[in-house]
Amino acid sequence: MHPDVQAREPGDCPQCGMALEPALPVPGTTSWICPMHPEIIRDAPGDCPRCGMALEPSTPTDQEHDSERADMSRRLWIAALFSVPLLVLAMGRPILAPHLPPALAARLNWAELLLASPVVLWCALPFFRRAWRSLSNRSPNMFTLIGLGVGVAYGYSVVATVFPDIFPPSFRSADGDVAVYFEAAAVIIALVLLGQVLELRGRARTGAAIRELLDLAPAMARRINEDGREQDIPLAAVVPGERLRIRPGEKIPVDGRVDQGRSDVDESMLTGEALPVSKTVGAALIGGTVNGRGSLLMIAERVGEATMLARIVALVAAAQRSRAKVQALADRVAAVFVPIVILVAIAAFAIWALFGPEPRLSYAIVNAVAVLIIACPCALGLATPMSVSVATGRGATHGILFRNADAIQNLQRVDTVVFDKTGTLTAGKPELVGMQSLAGLTEDRVLELVAALEAASEHPLAAAIVAAAAERGLSPTPADSFLALEGLGIQGQVDEHAICVGSATLMKRLGIDVGAAENQADLWRDQGHTVSWVAIDGELQAMLAVGDPLRDSASNAVNELQADGLSLVILSGDNSRTAEAVARRLGIDKVIAEVMPEGKGEAIAQLQTEGRVVAMAGDGINDAPALAQADVGIAMGSGTDVAMESADVTLIQSDLRALVMAMRLSRATMRNIKQNLFLAFVYNAIGVPIAAGVLYPLTGWLLNPMIAAAAMSASSVSVIFNALRLSNIDLRVDR
């Protein structure tokens with residue numbers, strides 16, 4: 001409510017008391033966000049103060065930020081270089097020591113210390129820093145456990161090597177030696193580094209969809225200066241109103257309109273439509289699409305952050321960082337998990353120290369370290385964000401934009417889909433298919449007056465009337481005044497005539513009787529056409545029939561949705577006979593027609609009171625209340641900005657098959673999240689007790705801390721790669 005109030009940490013607004021929300025990334029700027037806690041936003045790279053993970057750029061750039069991965073890879077190689085011989089030495093020590101002179105055998109601990117120290121003191125330095133930061137911030141996390149576990153194993157071993165005589169018999173083995181765990185500390189670090197590198201590689205892949213979108217924009221644009229000279233300039237230097245040259249095969253640099261020329265433009269990268277789109281003077285151009293064989297001059301209209309491509313990138317990036325409600329369970333568990341694990345480790349140490357076999361204290365240290373290492377909650381924290389990130393990226397490549405993670409979660413719960421008719425089920429390219437004069441004026445004169453008024457309207461039906469006037473060679477004069485009557489029609493003044501165009505309801509409100517022509521109107525409506533009445537100077541003058549063909553994808557999408565068990569409804573402001581004619585052609589049973597815009601929201605609310613989870617698909621300003629009221633609002637990309645701003649999901653290509661794909665992707669994503677949470681919960685539920693040694697009395701099994709480290713890394717990697725499976729699921733809908 002108060003965008004001027006900003007904070008670096010979550011909390012409440014000091015002005016209104018509402019909970020602060022994470023800031024959305026803005027194209028052209030780079031903020032750094034935690035992949036597990038998107039409310040943590042910084043101006044520079046670093047580590048999350050809550051979980052210790054490295055912050056990521058809010059919007060991936062065309063050059064991947066991989067400095068952390070390079071650093072972790074370098075540390076991994078150094079750790080492996082020292083850990084492998086250390087492990088060989090430690091494992092071969094029982095065989096090697098009896099054959100060495102006593103003085104040399106006593107020095108083996110020092111050899112292990114020399115090999116382990118570079119790994120623990122340099123390779124593990126980022127983990128210790130994060131562990132210290134977590135303690136100082138009172139936000140224990142996975143690095144707290146790693147730091148404690150490795151620190152205890154290494155510190156104990158150093159003391160045992162430098163001051164072996166201070167240890168009592170309970171620390172010594174049967175031959176009197178004090179056990180050391182240098183190899184455990186070093187190998188744990190090497191395995192954690194391996195897990196970090198694999199995790200960073202997997203996380204980098206989740207930004208691939210955004211980078212593919214960013215790659216669509218060319219680096220340069222060719223500007224035509226006022227003196228007629230052409231000049232190549234950086235894309236960022238383009239300003240609205242400038243004329244740009246688009247040569248054959250070049251990418252369109254920004255959004256705008258054709259000023260001169262004719263060509264076919266491949267828009268498949270953004271819309272998914274395989275066939276090139278013909279562009280002539282006045283046609284809209286989208287930045288990032290590819291020009292065909294013709295040459296074009298364009299007028300730049302939207303540049304930088306305002307282009308469709310930039311808005312898509314910002315929306316996808318924001319959705320990838322958002323939190324689904326299901327994550328709340330993982331957050332609640334993680335908040336208490338680390339303190340509980342530390343208590344379990346202390347309890348394991350105490351039990352083994354008091355009741356374990358000799359050397360009791362050595363067993364106690366080993367099992368406490370194993371508990372600390374295996375219980376790292378990274379997999380739990382990544383379970384939801386990774387799936388959401390992959391799903392939003394996959395959706396973007398198919399022209400499906402999710403506003404946030406809640407949209408994905410809510411969409412899979414939907415059992416009823418409500419469609420607007422015009423521009424959603426129909427193509428939104430209406431044509432004037434019938435006209436009948438009812439009084440003294442000729443059809444051309446009526447059409448000329450009506451077109452003059454309709455030229456100021458944004459409604460799709462208005463475009464059909466204006467186009468019909470142009471085809472007849474009519475030249476309407478500009479309207480003197482214009483007023484849109486929401487849900488009813490329009491009225492205004494043209495050539496000193498009072499013109500009203502709209503529904504029968506509008507005519508009745510004006511006291512104009514349309515009964516004599518209702519039979520003809522019903523015939524048109526039964527064919528699925530929309531009928532508009534024309535009153536001039538208070539007298540009924542004509543009736544118009546506008547036909548809007550069904551979208552090619554409508555029938556197929558309706559069949560697929562019905563096959564998935566969804567209930568379908570048409571919600572339209574049009575006449576009931578027209579809406580029912582469209583419903584019959586598509587096989588939709590329920591129709592709610594002749595509804596005003598505010599009534600659309602009420603109709604959605606009524607369906608919700610019946611216990612339905614409703615998705616609303618629409619494209620116009622009059623659909624905005626319904627889109628906002630629905631559990632999931634779905635906007636067609638060809639619609640108005642108001643509709644898109646009110647929606648949770650936007651279908652860029654305005655292809656209803658994309659709605660089916662969005663439903664499938666949503667269901668697959670929620671299954672994937674549940675799988676990840678199951679893996680994380682079950683892993684910890686099984687791993688921690690085993691690490692504590694509960695199986696030892698029955699089987700004699702103990703979990704080596706090195707195995708615990710490998711299992712911990714494997715759990716995070718398994719969650720990441722399970723999430724990445726979403727990038728390969730089949731979303732195709734038969735045409």
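Here are some short exercises, each with a worked solution, on a predicted model of a protein.

**Exercise 1. Getting an overview**

Find how many helices and strands the protein has, and what share of its residues is buried.

*Solution.* Start with the secondary structure: the protein has 26 helices and 25 strands. Next, look at burial. Of the 735 residues, 52% are buried. Then turn to the surface, where the accessible area is about 32,100 Å² and carbon and sulfur atoms account for 57% of that area. Finally, consider the contacts between residues at least 6 apart in sequence: 67% of them join residues at least 24 apart.

**Exercise 2. One face of a helix**

Work out which residues of helix 18 are buried, and where they sit around the helix axis.

*Solution.* Begin by locating helix 18, which covers residues 518-526. Its buried residues are Ala521, Asp522, Trp524 and Arg525. Now look down the axis: these buried residues fall within an arc of 160 degrees, so they line one face of helix 18. A general rule helps here: an α-helix has 3.6 residues a turn, so residues three or four places apart point the same way.

What do the buried residues of helix 18 pack against? Their partners are strand 15 (431-437), strand 19 (530-536), strand 20 (539-547) and helix 20 (576-586). As a last step, move just past the end of helix 18, where Gly528 has a positive phi of about 85 degrees.

**Exercise 3. Two open sheets**

Trace the strand order of the sheet with 6 strands and of the sheet with 7 strands, and identify the edge strands of each.

*Solution.* Take the sheet of 6 strands to begin with. It is open, its order is 5-4-6-12-7-10, and its pairing is antiparallel. Strand 5 (230-234) and strand 10 (284-285) are at the edges; each has a single partner strand, so one side of each has no neighbour in the sheet. Inside this order, strand 4 (residues 220-224) pairs with strand 6 (residues 243-246) through 3 bridges in the antiparallel sense. Here Arg222 stands opposite Arg245 of strand 6.

Now go to the sheet of 7 strands. This sheet is also open, with the order 13-25-24-23-14-21-22 and mixed pairing. Its edges are strand 13 (400-402) and strand 22 (590-592), each with a single partner strand, so one side of each is left without a neighbour in the sheet. From one strand to the next, the twist averages 20 degrees.

Zoom in on one pair: strand 24 (residues 632-636) and strand 25 (residues 649-651) run parallel and are joined by 3 bridges. In this pair, Ala635 is opposite Thr650 of strand 25. To finish, find helix 24 (residues 657-692), which lies across strands 13, 14, 24 and 25 and runs at about 50 degrees to strand 13.

**Exercise 4. An aspartate in a loop**

Decide whether Asp420 is buried or exposed, and find the partner of its side chain in a polar contact.

*Solution.* Locate Asp420 in the loop between strand 14 (416-419) and helix 14 (421-425). Its relative accessibility is 5%. The cut-off for buried is under 20%, so Asp420 counts as buried. Next, check the side chain: a polar contact of 3.2 Å links Asp420 to the side chain of Lys600. Beyond residues up to four places away in sequence, Asp420 touches several others, including Leu425, Leu571, Met616 and Asp623.

**Exercise 5. Two unusual phi angles**

Compare the settings of Glu496 and Asp537, two residues with a positive phi.

*Solution.* Recall the general trend: most residues other than glycine have a negative phi. Glu496 is not a glycine, yet its phi is positive at about 65 degrees. Glu496 lies in the loop between strand 17 (489-494) and strand 18 (497-502), and with 70% relative accessibility it counts as exposed.

Asp537 is not a glycine either, and its phi is about 55 degrees. Asp537 lies in the loop between strand 19 and strand 20, and it is partly exposed at 45% relative accessible area.

Which residues does Asp537 contact, leaving aside neighbours within four places in sequence? They are Glu496, His497 and Ala498, and the side chains of Asp537 and His497 make a polar contact of 2.8 Å. Asp537 and Cys500 are 37 residues apart along the chain, with 8.4 Å between their C-alpha atoms.

Methods: Residues are numbered from 1 along each chain as its sequence is written. This is a predicted model: local features need pLDDT of at least 70, side-chain atom pairs count only at pLDDT 80 or more; totals for chains, interfaces and linings use all residues. Side-chain values use heavy atoms; hydrogens and water are left out. Buried means under 20% relative accessible area, exposed over 50%, partly exposed in between (1.4 Å probe, protein chains only). Helices (H or I, at least four residues) and strands (E, at least two) are DSSP runs, numbered from the N terminus. The arc is that of the directions from the helix axis to the C-beta atoms. Contact means heavy atoms within 4.5 Å. Two strands pair if DSSP finds at least two bridges between them. Accessible areas come from the Shrake-Rupley method with a 1.4 Å probe; for residues, only the protein chains shown count as cover. A polar contact is a pair of N or O atoms within 3.5 Å; within protein, one must be able to donate a hydrogen and the other to accept it, and residues adjacent in sequence count only if both atoms are side-chain atoms. Axes are lines fitted to C-alpha atoms, for helices over the stretch in contact, and angles run from 0 to 180 degrees between N-to-C directions.
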